[in-house]
Amino acid sequence: MAQYDVIIIGSGPGGYVCAIRCAQLGLKTAVVEGRDTLGGTCLNVGCIPSKALLHATHMLHEAEHNFAAMGLKGKSPSVDWSQMLSYKSDTIATNTKGVEFLFKKNKIDWLKGWGSIPAKGQVKVGDEVHEAKHIIIASGSDSSAVPGADVTVDEKVVVTSTGALELASIPKTMVVVGGGVIGLELGSVYARLGTEVTVIEYLDAITPGQDAEVARTFQRILKKQGLNFVMGAAVSKVSVKSGKAQIEYSLRKDDSAHEMKADVVLVATGRKPHTEGLNLDGLGVSLTKRGQIAVDNHYRTDVEGIYAIGDVIEGPMLAHKAEDEGMALAEILAGQAGHVNYDVIPGVIYTHPEVGSVGKTEEQLKSEGRAYKVGKFSFMGNGRAKANFAADGFVKILADKETDRILGCHVIGPMAGDLIHEVCVAMEFGAAAEDLARTCHAHPTYSEAMREAALACGDGAIHA
Ligand code: NAI
């Protein structure tokens with residue numbers, strides 16, 4: 001029986017980052033992982049493979065739509081789907097092997113298999129029981145079912161994000177149930193590959209929680225790119241007959257019933273914490289009403305020595321949120337003051353254009369009754385964006401009306417997922433919009449649009 005300071009269950013971004021920081025801080029650390037490769041959902045069937053397909057199909061889009069205008073003439077590339085999938089698999093492999101390398105470098109043991117917690121201080125993997133002072137549950141999340149609907153996923157015709165990353169062929173038609181992050185990222189991939197994609201969304205706006213102006217602009221741009229939307233519609237049933245899917249849904253405004261057929265249905269109606277098989281009941285670990293593991297602000301469950309981080313606890317299901325919790329918890333266990341600032345967690349949608357956001361939305365500020373000002377700047381006024389056929393979208397900075405302190409930022413446009421981080425840093429330092437506005441930004445860069453939006457919070461943008 002091996003004895004550890006820390007055993008972490010799950011090697012996704014929460015678990016593996018936590019393990020590395022634990023090891024760096026001198027704790028003897030092991031990670032339990034039952035997949036053949038490390039990295040969890042994110043590296044194996046989530047963030048990383050979807051980004052590979054988004055990148056490849058964006059290149060295709062550029063070739064088909066913008067090359068000729070730039071004087072790059074010739075036949076548009078044809079799609080070799082199996083090669084694209086093997087590019088995606090190679091991308092996964094280099095990333096998962098990278099984590100394995102980091103484990104070796106930091107002397108972290110990989111306990112191969114699915115772990116459970118038979119008792120406090122013990123983790124069982126296969127027939128072996130290991131002991132640890134601290135046990136951290138970082139077991140992530142699974143796709144959740146369509147609420148109240150009769151839908152059986154077979155990962156061939158009716159798929160979750162996992163099946164959508166390796167369809168046998170490019171479908172002619174696809175229905176995406178749910179206009180959230182997964183549905184729109186993967187819907188974009190297939191729309192660029194020529195699939196006729198229809199997104200059926202329960203609410204009247206896509207990407208719930210997003211700043212409403214951004215969500216509207218985003219939907220308009222996606223429509224222009226060929227995605228179809230059925231809004232305010234609840235999917236109630238998906239059945240498969242002779243390899244084709246039939247989707248039944250009703251419109252919320254009048255309860256009218258409708259049907260649609262598709263080669264593939266992507267179910268993207270959210271994710272749920274993965275806690276099965278851990279023996280949480282037996283241990284008496286409390287869950288929230290939504291099935292998340294309940295923790296305090298030091299990630300302690302109500303059973304001594306057992307902690308949880310990432311998608312299994314409350315908060316946005318984002319890899320980087322899990323990573324930050326992993327680092328903070330490692331620091332806490334090593335006697336330091338680990339902390340996550342939940343007010344500054346960026347959200348990014350990796351479509352083209354990208355969407356990046358941090359802090360409060362206008363709707364949140366209104367409902368809080370907070371006096372705020374808006375500085376907006378369109379990428380149409382950004383020279384670099386115009387040169388690169390990327391002028392769709394805008395930057396919006398929300399600042400306190402009195403103090404000018406930045407309260408939120410919402411970007412839809414080129415590289416929004418990278419641009420948003422200058423505002424994250426600014427917010428961490430409690431910056432005012434004027435601080436950003438007075439910071440020299442290189443010309444010509446997309447980042448000038450961030451500065452212009454900050455200028456628009458004061459005396460006005462220059463290129464507006
Ligand atoms: P989501 O919660 O973002 O969106 C689900 C959508 O489905 C909602 O808009 C909801 O109104 C709709 N819906 C629910 N039931 C429906 C029904 N019966 N008919 C029609 N529409 C229905 O969930 P999603 O996209 O599955 O993502 C899951 C999690 O993974 C999220 O927390 C997301 O943040 C995370 N994720 C993040 C990524 C990123 O940061 N780029 C990428 C992929 C996933």
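Seven residues of helix α14 are buried, meaning under 20% relative accessible area with a 1.4 Å probe and protein chains only as cover. They are Ser-447, Glu-448, Ala-449, Met-450, Glu-452, Ala-453 and Ala-454. The helix has 10 residues, so named by DSSP as a run of H or I of at least four residues, while strands are runs of E of at least two, both numbered from the N terminus. This is a predicted model, where local features need pLDDT of at least 70, side-chain atom pairs count only at pLDDT 80 or more, and totals for chains, interfaces and linings use all residues. Residues are numbered from 1 along each chain as its sequence is written, and side-chain values use heavy atoms, with hydrogens and water left out.

What do the buried residues of α14 pack against? They pack against β21, β22, β23, α12 (416–428) and α13 (433–437). Helix α14 spans residues 447–456 and lies across β21, β22 and β23. It runs at about 140° to β21. Such angles run from 0 to 180 degrees between N-to-C directions, with axes fitted to C-alpha atoms, for helices over the stretch in contact.

Those strands belong to an open sheet of 5 strands. The order is β19-β20-β23-β22-β21, with antiparallel pairing. Two strands pair if DSSP finds at least two bridges between them. The edge strands, β19 (347–349) and β21 (372–378), each pair on one side only. Neighbouring strands here are turned by 10° against each other on average, direction ignored. Look at β19 and β20 (354–359): 3 bridges join them in the antiparallel sense. Ile-349 stands opposite Val-355 in β20. Helix α7 (212–224) also packs on this sheet. It touches β19, β20, β21, β22 (394–400) and β23 (406–413), where contact means heavy atoms within 4.5 Å. Its direction makes about 5° with that of β23.

Now turn to another open sheet of 5 strands. Its order is β9-β16-β10-β11-β12, and the pairing is parallel. At the edges are β9 (158–159) and β12 (228–231), each pairing on one side only. Strands β10 (173–177) and β16 (264–267) run parallel, joined by 4 bridges. Val-176 has Leu-266 of β16 as its bridge partner. Helix α6 (181–192) packs on the sheet, touching β10, β11 (196–201), β12 and β16. Its direction makes about 165° with that of β11.

Finally, the surface. Phe-67 lies in the loop between α3 (47–65) and α4 (81–105). Is Phe-67 buried or partly exposed? It is partly exposed, at 31% relative accessible area.

Notes. Buried means under 20% relative accessible area, exposed over 50%, partly exposed in between (1.4 Å probe, protein chains only).
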